[in-house]
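I'm opening a fresh notebook page for this one. I'll jot down what I look up as I go.

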Amino acid sequence: MPKKIRLGIIGGGGDSLIGVLHRVASFINDNYEIVGAVFNPDYEQNIAFAKEIDVPTNRIYKDFDTLIEEELKLPEEDRIQVCSVLTPNFLHFPMAKKLLDNGFHVICEKPMTMDYKEAKILQEVHKNSGKVFALTHTYTGYPMVRQMREMIKNGELGKIHKVDARYYQGWINTVIHDKEKRSSVWRLDPTKAGISSCMGDIGVHAFNMVEFTTGLQVKSLLCDFNYLYEDNQMDVDGTVLIRMGEHVKGVIRGSQVATGEENGLAIAIYGEKGALRWEQEKPNFLYKMSDTEPVQIYKPGHAYNSELSLGASKMPPGHPEGIFDSMANIYLGAAKAIRGEKYNDGEFPTMEDGVRGMNFIEGTVASHKQGNVWVEMD
Ligand SMILES: NC(=O)c1ccc[n+]([C@@H]2O[C@H](COP(=O)([O-])OP(=O)(O)OC[C@H]3O[C@@H](n4cnc5c(N)ncnc54)[C@H](O)[C@@H]3O)[C@@H](O)[C@H]2O)c1
């Protein structure tokens with residue numbers, strides 16, 4: 001077993017939503033060890049949390065700049081190798097940039113940056129750094145999503161003609177209908193979240209899933225947002241028509257006010273020979289449909305799955321794979337890249353996915369603001 005990769009964590013404190021997912025995911029395949037962190041901008045809370053989860057406090061820093069400064073003083077063989085950036089959105093770009101500039105690999109939460117311009121700058125920085133950059137579009141780590149990608153790549157659906165991705169949540173209902181609350185959460189503050197709430201937070205996952213599974217790119221889009229209240233600057237619901245080719249069309253639907261919905265990400269890809277459908281809340285079932293045969297259900301861990309899918313399962317068939325496994329598979333792919341080992345390009349989302357995502361988010365906002373017009377993607 002090679003030595004564990006020395007991992008630093010920025011954000012993801014005890015008060016966060018996503019921190020636990022990254023921490024557990026990083027441990028699942030025994031590749032990483034957390035050696036340093038700034039879990040929280042409040043130093044006391046930062047230290048208290050490190051103690052709570054038993055991370056040595058000698059490399060818990062008061063802020064991100066201090067982490068970089070102090071880690072660079074350490075011999076390379078002790079220094080943090082990769083940092084996970086799990087902060088609110090506005091900090092992703094400056095932190096990821098500084099990390100790459102200083103020779104650290106980066107695992108970064110989405111949306112990658114605040115806007116497309118920042119994404120292009122980060123892409124250049126990354127190119128010049130020679131370091132690994134992994135973007136945590138978590139759902140691409142599921143074995144059945146990877147199987148979907150491989151089946152489509154192998155032509156099992158024939159020519160694709162229709163795509164339908166939906167990401168419906170209802171959680172923002174508890175915030176948006178209260179004037180005080182909707183002006184205080186960072187996700188509805190454009191200075192912290194960026195130009196979009198719904199498309200920036202969850203629509204971009206659906207977009208990434210469409211491109212990840214089909215291997216095709218969205219070429220143009222038309223979007224209609226709902227903001228619900230005049231004093232709310234951020235979309236909380238949106239429907240996007242997409243064109244991926246002359247005869248390949250579809251829709252990406254996102255909502256944070258879909259009452260009663262929890263984490264309803266679902267994707268269906270329809271081709272001339274067949275179709276595939278997958279839902280995040282039932283991630284161990286991949287439905288293959290055709291006009292002539294009964295529906296087939298693919299499940300993780302079976303030998304009939306592709307190498308990419310099987311590499312994402314750790315247990316024999318019948319042991320459900322969940323969100324922690326899915327994120328762990330992205331960490332596993334990033335670990336292979338950091339160690340210079342061979343990996344499949346579907347094993348973790350990249351800088352290029354991040355740039356495409358920011359292009360998509362900006363496109364949806366532009367389309368809506370210009371009066372629901374078609375907008376070209378780069
Ligand atoms: N991949 C996914 O499916 C997924 C799911 C949820 C959230 N996210 C993304 O993860 C990021 C964080 O989301 P969250 O829901 O955990 O947010 P959160 O508000 O719950 O937590 C943010 C954390 O960052 C810390 N933080 C804030 N400023 C900091 C600073 N300057 N230095 C160090 N730590 C700092 C906070 O103390 C907190 O612990 C967002 O970009 C979000 O879009 C991704």
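Before anything else, a term I'll lean on: I call two strands paired if DSSP finds at least two bridges between them. I also note that this is a predicted model.

**Entry 1: a hairpin of numbers to start with**

I looked up strand β10 (residues 264-271) and strand β11 (residues 275-279), and they run antiparallel, joined by five bridges. Which residue of β11 is the bridge partner of Tyr 270? I found Ala 275 there.

**Entry 2: the sheet around them**

β10 and β11 belong to an open sheet of nine strands with mixed pairing. I wrote down its order as β13-β12-β11-β10-β6-β9-β8-β7-β14. At the edges I see β13 (296-298) and β14 (375-376), each pairing on one side only.

**Entry 3: the other sheet**

I then turned to an open sheet of five strands, paired in parallel, in the order β2-β1-β3-β4-β5. Why is one side of β2 and of β5 left without a neighbour in the sheet? β2 (32-38) and β5 (133-135) stand at the edges and have a single partner strand each, so nothing in the sheet flanks their other side. Neighbouring strands here are turned by 20° against each other on average, direction ignored.

I zoomed in on one pair: β3 (residues 82-86) and β4 (residues 105-108) are parallel and share four bridges. Within that pair, Val 85 has Cys 108 of β4 as its bridge partner.

**Entry 4: helices lying on strands**

Back at the nine-stranded sheet, I checked what lies across it. Helix α6 (residues 143-153) lies across β10, β11, β12 (286-289) and β13, and runs at about 165° to β11. Helix α13 (residues 351-369) lies across β7 (220-226), β8 (237-245) and β14, at about 70° to β7.

**Entry 5: a longer stop at α6**

How many of the 11 residues of α6 are buried? I get nine, so the helix is largely enclosed by the rest of the structure. Among the buried ones are Met 144, Val 145, Met 148 and Ile 152, but also Arg 146, Gln 147 and Arg 149. Their cover includes the helices α10 and α11 (307-310), along with β10, β11, β12 and β13. Just after α6, I noticed Gly 155 with a positive phi of about 80°.

**Entry 6: two domains**

The domain assignment splits off domain 1 (5-138) and domain 2 (145-315 + 348-369). Their centres, taken over C-alpha atoms, are separated by 26 Å. I looked up the contact between them: 18 residues of domain 1 touch 22 residues of domain 2. On the domain 1 side, α5 (116-129) and β5 are the elements that give two or more residues. α5 gives the most, with five residues. That side of domain 1 divides into 10 nonpolar, five polar and three charged residues.

**Entry 7: the nonpolar core**

A reminder to myself: in soluble globular proteins, nonpolar side chains tend to be buried together. Here the largest nonpolar core has 103 residues, and Ala 96, Val 106, Ala 206, Val 210 and Tyr 331 touch the most other members. Which helix brings the largest share of this core? That is α10 (residues 198-214), with nine residues. Both domain 1 and domain 2 supply at least three residues each.

Last lookup of the day: leaving out residues up to four places away in sequence, Val 210 touches Val 163, Ala 165, Val 218, Ile 252 and Ile 267.

Terms used. Residues numbered from 1 in each chain as written. Axes fitted to C-alpha atoms, helices over the stretch in contact; angles between N-to-C directions. Domains from an automatic or database assignment. Contact = placed C-beta atoms within 7 Å. Nonpolar A, V, L, I, M, F, W, Y, C, P; charged D, E, K, R; others polar. Core = buried A, V, L, I, M, F, W, Y, C linked by C-beta atoms within 7 Å. Buried ≥ 20, exposed ≤ 12 C-beta atoms within 10 Å, placed from the backbone.
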